[in-house]
Amino acid sequence: MATKILLIEGTRADHLSFSNGLTKKGYQVESVPNGTAAMSRLMEVDPDLVVVDAASLRTSGKRICQTIRRELDGLPIILLVNKAQEPTEKVEADVVLTLPFTVQKLINRFRPLMPPKEEDIIHIGPIRLNLRQKQVRCLGKKVRLTPRQVALLRLLMEHQGEVVERETLFKQVWETQYTEDTRTLDVHISWLRHAIESDPRHPRFLKTVRGVGYRLDI
């Protein structure tokens, strides 16, 4: 799965866009023209990285970075500025780069900030399960899970779109033939819904199939 970048970039005719260069390097780029558009798309895009090209926006980019950091603390932010915009005080960005520079230099600076290798991650739709860090990210939320929750969500993701029977979940996740403890399973499902759903009481992804089991719909 390609790394997703939310690129906040203006449309100045005298400014070279980084969008095409990043796309050619294999990155999935979502471009928006300003901070307002970025915030409206942030949760849906669920990017791995935000690049704020302040030099193309005729702004310092400080407020945009602050807003993103407030909404999604921990999401890597790269701020691009020209010489006159170089900050004299701390900004809410992981890296500040002063133009001019190449696309490859931009990649070299943000690559260490990227998630671990894809073999440690199961990614379906907006749900990204990090097996090594025992962490799930969905719709802008990042939640740490217990090993049992990781195993349960992994099983549901591997059978996305299929109904997984309660007995199957017990046998594979709890490694037991005793399948009568319905409360334990229900509690774990509730925890997962709080981790991945915007409204756990009206789940969009993790559905109950009454009398049978659960299904993850993406």
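1. I'd start at the C-terminal end of the sheet work: Gly-213 in strand E12 is the bridge partner of Glu-165. That contact belongs to the pairing of E10 (residues 163–165) with E12 (residues 213–216), which is antiparallel and runs over 3 bridges. Keep in mind that this is a predicted model.

2. E12 has another neighbour. Strand E11 (residues 206–209) pairs with E12, again in the antiparallel sense, over 4 bridges. If you want a pair to click on, try Thr-208, whose bridge partner in E12 is Tyr-214.

3. Which residue takes a positive phi in the hairpin of E11 and E12? Have a look at Gly-211, with phi near 80°; the hairpin has 3 residues between its strands.

4. Two residues that are not glycine also have a positive phi. Asp-46 has phi near 50° and sits in the loop between H2 and E3. Lys-134, at about 55°, is in the loop between strand E7 (127–130) and strand E8 (135–138).

5. Are those two buried or exposed? Asp-46 counts as buried because its relative accessibility is 1%, and the cut-off for buried is under 20%. Lys-134 has a relative accessible area of 31%, so this lysine is classed as partly exposed.

6. Don't skip the peptide bond between Leu-99 and Pro-100: it is cis, with omega about 5°. Pro-100 lies in the loop that runs between strand E5 (95–98) and helix H5 (103–110).

7. Now for helix H4 (residues 62–71). Its buried residues are Ile-64, Cys-65, Thr-67, Ile-68 and Arg-69, so an arginine is on that list under the 20% cut-off. What covers them? Among the elements doing so are strands E1 (4–9), E3 (49–53) and E4 (77–81), along with helices H2 (35–45) and H3 (54–57).

8. Stepping back to the whole protein, there are 8 helices and 12 strands, and the C-alpha trace spans about 65 × 30 × 30 Å along its principal axes. Of the 218 residues, 46% count as buried. Looking at contacts with a separation of 6 or more, 57% are between residues 24 or more positions apart.

9. Last, the surface and the charges. The accessible surface is about 11,700 Å², with 47% of that belonging to carbon and sulfur atoms. I'd also note 34 positive and 27 negative side chains, the centres of the two sets lying 4 Å apart.

Conventions
Residues are numbered from 1 along each chain as its sequence is written. This is a predicted model: local features need pLDDT of at least 70, side-chain atom pairs count only at pLDDT 80 or more; totals for chains, interfaces and linings use all residues. Side-chain values use heavy atoms; hydrogens and water are left out. Buried means under 20% relative accessible area, exposed over 50%, partly exposed in between (1.4 Å probe, protein chains only). Contact means heavy atoms within 4.5 Å. Accessible areas come from the Shrake-Rupley method with a 1.4 Å probe; for residues, only the protein chains shown count as cover. Lys and Arg count as positive and Asp and Glu as negative; His and the chain ends are not counted. The place of a charge is taken as NZ of Lys, CZ of Arg, CG of Asp or CD of Glu. Two strands pair if DSSP finds at least two bridges between them.
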